[in-house]
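Thanks for asking me to look over this model with you. Here is the structure, followed by my notes on its ligand site and its empty spaces.

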Amino acid sequence: MYYDIIVVGSGIAGLYSCINAPKDTSVLLISKSDFLNSNTYLAQGGIACVLSEKDSFKSHIDDTVRAGRYENDIEAVKLMVTEGPLDVKRLSTMGVEFDKEDGGELKMTLEGGHSARRIVHHSDSTGREIAEKLLESARKEINISLAENTFVYDIKKIDDMFAVFVLGKNGKRDAYFASNVVLATGGIGKIYKYTTNSSIATGDGIVLAKRLGANIKNLSYIQFHPTALAIGEGERVLVSEAVRGEGAYLLNEKGERFMHKYHDMGELAPRDVVCRGILEEVKIQGSENIYLDITYKDSDFVRNRFPYIYEKCMEAGIDITKDRIPVFPCQHYLMGGIHVDFNSNTGIKGLYAAGECSNTGVHGKNRLASNSLLEAMVFSRRAAINIDIQNHSYKMIDADIRREGTSLIEPSIKEEIRDIMQKAYFVVPDMGMIAKGLSRLGEMIKGIEASSYIKDKEYYETFNMACVSKMVLEDIQKNGQA
Ligand SMILES: Cc1cc2nc3c(=O)[nH]c(=O)nc-3n(C[C@H](O)[C@H](O)[C@H](O)COP(=O)(O)OP(=O)(O)OC[C@H]3O[C@@H](n4cnc5c(N)ncnc54)[C@H](O)[C@@H]3O)c2cc1C
């Protein structure tokens, strides 16, 4: 089956590029899980954008490059900041309901690193609201076809065409063809033991792009979020920046505030600074017990402003209106990725990347809070409207070309990858563990390739996680300290 554009991923970047694609093109949106299983769906805080006359583009640009330690691509930042407000307004016209003041103007909140209140939000579940409304819009477009629970395991370029190989839910292999492919496959959080990311974040798009010859940049630029709920193993619930934005204090084990020792913005310093501050305090106190305290605020306000966080903490036995919240840093976001130009082109004709899997240069070394939804919208729209639809012809390819194996890949391999990453590079890199980790990951990749494992979704995800982890650690070795 041929399409003008195949979009891989149904987060904000994938959905928004489909919706912006010219109406006379045929588009196929593929997602490896349920359409709403994505990092987008989990976004809490909101979208940063300049909509108030009291704010300015200059201030948003300055905050973005300060957080990014001046390693940002300034032209990309300007594009995002100046074009983004139109995309945010467009979301409203598509039915996304942002919180409003009594007078009807949009409510703006403050987050770490921002010098103005500029975050529009839908209580503390902004991502869910956006994902649901964008999906609804995409479903209404007759030029967009949708394939859920369909895993893209390989993409090949054949002359001017891409063959996109997929595994359906029932394990059936198939191939689709397109003259353009947009990779919008999200982040890599699942290579860590502790992450706020959704289960889909295994770095698949980055491995696919690298295999096609794309340039992968700054993979070690990983953002760790300072305040994930420190309860349980694996995926951890994020306690959004906005909680600190509304005045919550970070406390050490003795119940003392400490962030002002590390930055004059205190709890609202950029995320990397807060993470390092917490780890420093842990060393000083000899205890990993760190808390967020918003109990001094009116309890109705807290419950209404943070219903999702309130509910999630209650499930863990913590009433945030009365109790301190145990928190600890967690892997959260990938700044680097598949390198693209301002129209999200990878440099390989017809291959685009947008959203968290891409590297536009917007975030520099550290993303400013709530800039990622904005970046994903601006650059996925730019990809869609600049796509060059060519005339095409294609040869059918047998999708069942892979050798079938005899045993299932062991889940312990994913665990080992997470263990390596957690030890080698969690907030601060450990060069000794990086060297050891690289050697083990190299062995693992060879082992998986030579194995007789059945090539199912687990197999491909495990392989991709090992490859991406290796790329992250190699990037640290190449670029020095992350
Ligand atoms: C808990 C949390 C809170 C956040 N809060 C905010 C916030 O308040 N503001 C903000 O700006 N940002 C926030 N972020 C970051 C932001 O949500 C993400 O960076 C952004 O949503 C990424 O969108 P995306 O479209 O690139 O990827 P995603 O939304 O993650 O979507 C990726 C898609 O790709 C699909 N996919 C992946 N691999 C394959 C494959 N092999 N085959 C087929 N499909 C595949 C997945 O199924 C999924 O549909 C938050 C992130 C998290 C985790």
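The points below go through the domains, the ligand and its surroundings, and then the cavities and one pocket.

1. Before anything else, please keep in mind that this is a predicted model. The domain assignment splits the chain into domain 1 (2-221 + 335-386), domain 2 (227-331) and domain 3 (411-479). Domain 1 is thus written as two stretches of the chain, with domain 2 falling between them in residue numbers. Between the C-alpha centres of domain 2 and domain 3 there are 30 Å.

2. Which residues come closest to the ligand? Of the 39 residues that surround the ligand, the closest are Thr40, Gly45, Gly46, Glu356 and Ser372. By class, this shell holds 13 nonpolar, 22 polar and four charged residues.

3. A few polar contacts are worth finding on your screen. Glutamate 356 places a polar side-chain atom 2.7 Å from an oxygen atom of the ligand. For glycine 46, a polar backbone atom is 2.7 Å from a nitrogen atom of the ligand. Serine 31 also takes part through its side chain, with a polar atom 3.2 Å from a ligand oxygen atom. On its own the ligand has 1000 Å² of accessible area, and the protein covers 98% of that.

4. Which elements build the shell around the ligand? At least two residues each come from helix H1 (12-20), helix H2 (39-42), strand E6 (151-158), strand E13 (325-334) and helix H11 (372-386). The largest share belongs to H2, which gives three residues.

5. Now for the enclosed spaces. How many cavities of 30 Å³ or more does a search of the whole structure find? There are two. The largest cavity has a volume of about 140 Å³, and 15 residues line it, with Arg69, Ile222, Asp272, Arg276 and Tyr425 closest to its centre. Its lining is made up of eight nonpolar, three polar and four charged residues. Strand E10 (222-229) and H8 each contribute at least two residues to that lining.

6. Where does the largest cavity lie with respect to the domains? Both domain 1 (2-221 + 335-386) and domain 2 (227-331) give residues to its lining, so the largest cavity lies between them.

7. The second largest cavity has a volume of about 30 Å³. Its lining consists of Ala67, Gly112, Glu241, Pro270, Arg271, Asn366, Arg367, Leu368 and Ala369. Sorted by class, these are four nonpolar, two polar and three charged residues. Domain 1 and domain 2 each supply at least three residues of the lining here.

8. Finally, have a look at the second largest pocket, which holds about 210 Å³ of space. Arg276, Leu279, Glu280, Val282, Lys283, Glu288, Phe328, Phe426 and Val428 form its lining. Which helix gives the most to this lining? Helix H8 (residues 271-285) does, with five residues. The lining has five nonpolar and four charged residues, and no polar ones. Arg276 is a name to remember: this residue lines the second largest pocket and is also among the residues closest to the centre of the largest cavity.

Notes:
Residues numbered from 1 in each chain as written. Predicted model: local features only at pLDDT ≥ 70, side-chain atom pairs only at ≥ 80, totals over all residues. Heavy atoms only, no water. 1 Å grid on protein atoms, 1.4 Å probe; cavity = no way out; pocket = protein on both sides within 12 Å on 5 of 7 lines; lining within 4 Å. Points joined across faces, edges and corners; volume = space filled by probe spheres on them. Helix = DSSP H or I, 4+ residues; strand = E, 2+ residues; numbered from the N terminus. Nonpolar A, V, L, I, M, F, W, Y, C, P; charged D, E, K, R; others polar. Near = heavy atom within 4 Å. Polar contact = N/O pair within 3.5 Å; in protein donor to acceptor, adjacent residues only side chain to side chain. Areas by Shrake-Rupley, 256 points an atom, 1.4 Å probe, with all protein chains shown as cover. Domains from an automatic or database assignment.
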